[in-house]
Amino acid sequence: MTVTQTPNGFTLNDAGKRIVVDPVTRIEGHMRCEVNVDEHSIISNAVSSGTMWRGLEVILKGRDPRDAWAFTERICGVCTGTHALTSVRAVEDALGISIPENANSIRNIMQLTLQAHDHLVHFYHLHALDWVDVVSALKADPKATSELAQSISPWAKSSAGYFHDIASRLKKFVESGQLGPFGNGYWGNPAYRLPPEANLMAVAHYLEALDFQKEIVKIHTVYGGKNPHPNWLVGGVPCAINVDGVGAVGAVNMERLNLVSSIIDQTIEFIEQVYLPDLQAIASFYKDWLYGGGLSATNVLSYGDIPEKANDRSVNNLLLPHGAIINGNLKEVHEVDLKDPEQIQEFVTHSWYKYDDENRGLHPFDGVTQPNFALGRNTKGTRTNIENLDESAKYSWIKAPRWRGHAMEVGPLARYIVGYAKGIPEIKEPVDKLLTDLGLPLTALFSTLGRTAARGLEAQYCAHLMRHFQDKLVSNIKAGDLATANTAKWEPDTWPKEAMGAGTTEAPRGALGHWIKIKDGKIDNYQCIVPTTWNGSPRDPKGNIGAFEASLMNTKVENPDQPLEILRTLHSFDPCLACSTHVMDKDGREVTRVKVR
Amino acid sequence: MPPRVLILGIGNLLWADEGFGVRVAQALQRDYIFPENVTVMDGGTQGLALIPYVQESDVLIIADAVDFGLTPASLLEARDEDVPAYLHSGKTSLHQVSFQEVLALCKLMGRGPEQLYLVGVQPVDMKDYGGSLTPEVKAQLEPAIARILARLGELGLPAQPKPGRDGPADALDMAQYERHRPSAETACRIGDARFLPGDPG
């Protein structure tokens with residue numbers, strides 16, 4: 001048994017029972033989590049491990065920088081466009097390429113669309129089942145469900161007949177034995193608190209949100225030419241504008257601009273009449289379940305995104321806020337310099353990679369990604385069948401990025417804390433209102449529930465920003481500016497012999513950065529630090545634990561065989577380990593094993 | 001009304017034979033012209049995000065690399081109720097939403113394809129990261145395409161060969177993808193050692 005005090009303020013004790021959850025389900029990619037619980041079932045030590053080798057960067061070496069976006073779009077099944085945007089920004093930064101205003105507006109609309117879509121899918125399809133008991137929904141009275149729905153929202157689909165129909169479809173589905181996405185839930189666990197009617201309402205909206213996807217994805221088809229995998233372009237966007245054109249193919253015309261506009265209205269309506277009322281209703285049953293804050297109360301980071309004006313990455317031009325907060329001091333928001341070698345560094349002391357000197361961190365410009373799968377001597381099990389990881393040694397395929405040596409949380413909650421600290425009204429006012437409505441103090445924001453709430457509020461903010469940029473685009477077009485791309489530096493013979501640049505976005509899951517070195521027209525080095533690298537990072541040489549690990553500390557687990565609380569908190573980050581690429585699963589099956597030792 | 005047909009290639013082209021479905025979709029898009037109500041889509045590793053498209057189809061044709069324990073590189077065909085069993089693996093999307101779940105959710109939502117048709121290939125190698133299709137699996141592209149075209153013919157919706165190629169090749173075009181691959185020394189090509197049985201790592 002060891003008791004350790006981490007520099008970032010946590011007391012780790014690995015004496016108690018060890019619970020292993022592998023894989024963590026309903027996330028993108030593969031992740032394993034091990035915790036120790038004390039005699040009161042309180043988590044006293046947490047270990048999170050990315051169980052996949054990550055190697056996207058190395059397969060880009062030697063390729064055309066103008067194609068990198070297309071590869072990065074294939075890393076993962078969810079944030080395709082956000083990687084592509086980050087990649088074209090990195091290349092443009094390296095080569096000094098500016099983009100037209102219309103391209104900036106269109107990119108923003110695409111990024112904001114992804115943000116709103118992703119938050120919606122995350123809330124209903126990946127996270128709601130941590131709060132909503134699907135099986136309990138079968139006991140709901142449709143009439144009472146209708147009354148509940150009508151008491152919280154003017155949304156039209158709320159009759160008793162509608163909920164009756166949903167309940168019978170659900171019943172038939174459950175009775176067929178093919179539970180599909182509902183197959184591995186901990187239904188009936190005491191950690192579920194909603195009455196059957198709230199559960200049924202949430203299930204109905206789960207299905208409506210799936211259906212709503214078909215509208216929102218059309219925006220990417222209009223501006224990106226196709227979906228999934230929309231097209232991007234270094235120097236702008238690959239869609240031409242011809243307001244007088246007709247039809248659904250060729251240049252973007254008035255008909256399609258109007259289509260986008262009407263989808264934006266529907267998006268705002270769905271978020272405001274379905275997502276946010278559901279979020280608040282669910283939160284009201286869990287408002288004393290304020291576990292999961294982890295690093296959010298002390299260290300958060302956001303690169304910022306959504307530039308109002310094109311080609312200006314200065315802090316005040318970014319509508320999603322930029323900055324770092326450390327040691328919980330909300331009075332001071334630090335600027336983050338992506339190119340300063342002393343600021344962002346990645347460590348591999350506890351990661352399955354090799355550096356020449358592993359006590360030092362490397363800035364992404366100098367980053368290396370060389371695998372080194374070695375296990376600590378206290379590992380239980382074998383190399384191919386690990387029972388317990390040894391967290392004193394290497395234990396994850398995720399590197400440990402740090403900002404000025406600090407472990408940081410990134411994501412919607414980090415952005416909202418930075419925005420709140422800066423007093424940005426579009427962020428601060430809705431946060432204050434939600435807290436007041438729920439009767440909670442500001443400190444309640446630093447929790448699993450706060451993370452989930454920030455995501456919902458951000459979806460609303462993003463939907464309104466979509467409206468802003470769509471209007472801006474249309475008025476710019478009407479004023480006669482049709483430019484969407486700058487091709488002046490398209491040809492490699494216009495580039496310097498060597499160049500380096502950084503591109504960032506705020507992905508749905510948090511701060512995303514790509515760093516590129518170009519030499520003789522080819523990619524010489526490419527490094528990505530993805531949001532889940534920040535949040536899912538293992539320990540660093542000083543012993544700081546990462547955001548996932550910190551968020552699990554001191555949480556009570558009602559039933560160790562059904563670690564619902566662990567999943568609830570990890571899901572609140574919307575982990576995406578696919579950026580770390582892929583798993584070689586021997587029989588291709590997904591069975592979560594929960595082991596208690 | 002002729003049926004609405006969605007031809008969906010799924011998989012991840014960064015992992016050798018796992019890119020089979022995507023390569024089939026790309027080749028169809030590049031070389032053929034389809035009737036208006038036939039859509040060819042490179043679905044990549046998308047999971048839930050494919051639901052809107054799947055729901056809007058009457059006939060769903062899937063091309064994928066599926067492990068069904070046959071001789072490596074053999075082709076398999078399946079229809080209707082036999083299809084979901086081949087799609088359980090969860091590898092369609094790393095979201096752990098397998099394509100089987102996508103079909104189950106369509107059922108729960110009460111709208112989805114009435115007919116399913118799968119052309120699958122038994123992969124030879126899915127562990128060559130950054131690699132292309134193995135020669136054996138690549139040789140099955142044309143036969144797989146021929147089967148899909150034949151299925152369209154049965155539905156009374158034949159595709160026509162395109163007279164010429166339009167525009168420059170895609171950044172992920174198979175030939176380019178192969179030509180510019182970095183060396184094994186530059187870019188590690190293997191997966192996670194613990195998932196490579198027999199590999200001493």
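**Fold, core and one sheet of chain A**

Chain A comes out with an average pLDDT of 91, and 94% of its residues reach at least 70; pLDDT is the predictor's confidence in each residue, from 0 to 100. The weak spot is residues 579–592 of chain A, where pLDDT is below 50, yet the stretch still has 46 contacts in the model beyond near neighbours in sequence (a contact means C-beta atoms, placed from the backbone, within 7 Å). Where pLDDT is low, the predicted coordinates should not be read in detail.

Some bookkeeping: this is a predicted model, with local features needing pLDDT of at least 70 and side-chain atom pairs counting only at pLDDT 80 or more, while totals for chains, interfaces and linings use all residues. Residues are numbered from 1 along each chain as its sequence is written, with chains lettered from A and ligands numbered from 1 in the order in which they are written.

Chain A has 15 helices and 17 strands, taken as DSSP runs numbered from the N terminus (helices H or I, at least four residues; strands E, at least two). Its radius of gyration is 24 Å, close to the 25 Å that the globule rule gives for 597 residues, so chain A is as compact as a globular protein of that length. That radius is taken over C-alpha atoms, and the rule is 2.2 Å times the number of residues to the power 0.38. Buried residues make up 57% of the chain, buried meaning 20 or more other C-beta atoms within 10 Å of the residue's own.

The largest nonpolar core (buried Ala, Val, Leu, Ile, Met, Phe, Trp, Tyr and Cys joined through C-beta atoms within 7 Å) holds 215 residues, and A:Val203, A:Leu301, B:Ile7 and B:Ile61 touch the most other members. Helix H8 (residues 196–224) of chain A is the top contributor, with 15 residues. Sequence neighbours within four places aside, the contacts of A:Leu301 include A:Trp403, A:Met408 and A:Trp534. A second, separate core has 7 residues, among them A:Val348 and A:Trp352.

Strands E14, E15 and E16 of chain A form, in that order, an open antiparallel sheet; pairing requires at least two DSSP bridges. E14 (498–507) and E16 (522–529) of chain A are the edge strands, each with a single partner, so one side of each has no neighbour in the sheet. E14(A) pairs with E15 (residues 510–519) of chain A over 10 bridges, and A:Gly503 has A:His514 as its bridge partner in E15(A). Helix H3 (residues 80–95) of chain A lies across E14 and E15 of chain A, at about 150° to E14(A); axes are lines fitted to C-alpha atoms, for helices over the stretch in contact, with angles from 0 to 180 degrees between N-to-C directions.

Technical notes:
A residue is buried if 20 or more other C-beta atoms lie within 10 Å of its own, exposed if 12 or fewer, and partly exposed in between; C-beta atoms are placed from the backbone. Two residues are in contact if their C-beta atoms, placed from the backbone, lie within 7 Å.
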